[in-house]
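Biologist: Please take me through this model, and let me ask at each term what earns it.

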Amino acid sequence: MLTDRFNRRINYLRISVTDRCNLKCKYCVDGKFPFMPHSEILSYEEIIRFVRVCSELGIRKIRLTGGEPLLRKGIEFLIKEISSIERIEDVSLTTNGVLLEERIYELKQAGLKRVNISLDTLRRERFKYITGFDEIDKVVNGIEKALEAGLKPVKINTVIMRDINDDEVLEFVSLAKNLEVDVRFIEFMPFGEAGFWDEKRVVTSEFLEKYISEFFELEPDLNSDKGPAVVYKIKGGRGRLGFISPLSSHICSECNRIRLTSEGMIKPCLFSDVEYNLKERLRNGVTDKEITELVIKAVRDKPKDKEEHGQIKKCQRNLRHIGG
Ligand code: SAM
């Protein structure tokens, strides 16, 4: 079992499989959009080897993210290989949903269990403004297909930003009330190159919970998976609401994860710039035993919480590299 210095059990690995994306969300990247050369990105063989070693240490859940993971050719192969590793119990995906509709059955067949789809607005023009592309129909179709395919629970990740999309909060709640989807409001985080982040744009979970409670009856869902989200059922509703508060509250005590960036850095903490270069080691003949030692060290070095690094400061990387 992988345990850190603060007795947190680490059983979850999030892998960014590419830094490429087919959207340019304002809060994630800015105008410059340099992609890494393919040779700098970990190969599937390298990722699979790492997951296998991690599984022997106690990692049970894998999430593939990016960039846009569905842009990486042959992602179904990766899902299939990872799903068949003994001890890996759950393989999920975070996607912007643009390519989901056409791929859903191959993904499911490969072993995908669940999917999180990012959607910050239900309005066409605003979607174009936030993401740079007129693709909202494809995302909505992707959500419908995911439900049809039974990739449950289908989760919708929504970043609410003041004066950008905060007038749509109740519409997102209605979505979770009417459909069997979990809408998860994620606080706007100060990441990377995008000059878009501004404290004034942050809408805290506390504010949202109070505001939504004026219109909907929420009751805590005590059965939800232990994770960073505080989850509520909506009275009379089919789906649920989750609030993820990386900025305003201490989710760090619940942290159960490490990350692997698209260019092969192990990242023990989302809010810290400390990383361990796995790729260099993999390409210089590292043994499985040495990878094991590196993972144990990375987990030991997980900071207690985001404040340990003087956070929240702006992290150097954006979520496109780290994998949100
Ligand atoms: N392309 C995929 C997608 O859109 O879901 C996966 C990568 S994206 C970086 C993963 C998640 O990070 C998305 O849900 C996105 O909304 C979130 N994200 C990106 N930048 C963020 C920020 N500054 N604050 C909060 N969430 C952010």
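**Helix packing, ligand shell and backbone**

Modeller: Helices α3 and α5 cross in a right-handed sense, a crossing being right-handed if the near helix is turned clockwise from the far one by less than a right angle, and left-handed if anticlockwise. The model is predicted, with local features needing pLDDT of at least 70 and side-chain atom pairs counted only at pLDDT 80 or more, while totals for chains, interfaces and linings use all residues. Residues are numbered from 1 along each chain as its sequence is written, and side-chain values use heavy atoms, without hydrogens and water.

Biologist: What makes α3 and α5 roughly parallel to each other?

Modeller: Their axes, lines fitted to C-alpha atoms over the stretch in contact, are 8 Å apart and pack at an angle of about 20°. Angles under 35 degrees count as roughly parallel, and α3 and α5 are therefore placed in that class. The helices themselves are DSSP runs (H or I, at least four residues; strands are E, at least two).

Biologist: How is the orientation of α2 relative to α3 known?

Modeller: The axes of α2 (residues 75–83) and α3 (residues 100–110) come within 8 Å and cross at roughly 20°, which makes α2 roughly parallel to α3. In passing α3, α2 makes a right-handed crossing.

Biologist: And what can be said of α1 and α2?

Modeller: Here the axes of α1 (residues 44–57) and α2 come within 10 Å, again crossing at roughly 20°, and that makes α1 roughly parallel to α2. The crossing of α1 and α2 is right-handed.

Biologist: Which residues of the shell around the ligand are closest?

Modeller: Of the 17 residues that surround the ligand, the closest are Y27, G67, E68, S118 and M189, where a residue is near if one of its heavy atoms lies within 4 Å. The shell divides into six nonpolar, nine polar and two charged residues, and β3 (90–95) and β5 (154–159) each supply at least two of its residues.

Biologist: What makes the pair between Y27 and the ligand a polar contact?

Modeller: A polar side-chain atom of Y27 lies 2.9 Å from an oxygen atom of the ligand, and a polar contact is a pair of N or O atoms within 3.5 Å. The backbone also takes part, for a polar backbone atom of G67 is 2.9 Å from a nitrogen atom of the ligand, and a backbone N or O atom of M189 lies 2.8 Å from a nitrogen atom of the ligand. The protein covers 95% of the 550 Å² of accessible area (Shrake-Rupley, 1.4 Å probe) that the ligand has on its own.

Biologist: Why is R87 singled out?

Modeller: Most residues other than glycine have a negative phi, and most peptide bonds are trans. R87, although not a glycine, has a positive phi of about 85°, and is found in the loop between α2 and β3. A cis peptide bond, with omega about -5°, joins K152 and P153, and P153 is placed in the loop between α5 (136–148) and β5.

How values were computed:
Polar contact = N/O pair within 3.5 Å; in protein donor to acceptor, adjacent residues only side chain to side chain. Nonpolar A, V, L, I, M, F, W, Y, C, P; charged D, E, K, R; others polar. Axes fitted to C-alpha atoms, helices over the stretch in contact; angles between N-to-C directions. Parallel < 35°, antiparallel > 145°, perpendicular 65-115°, else oblique.
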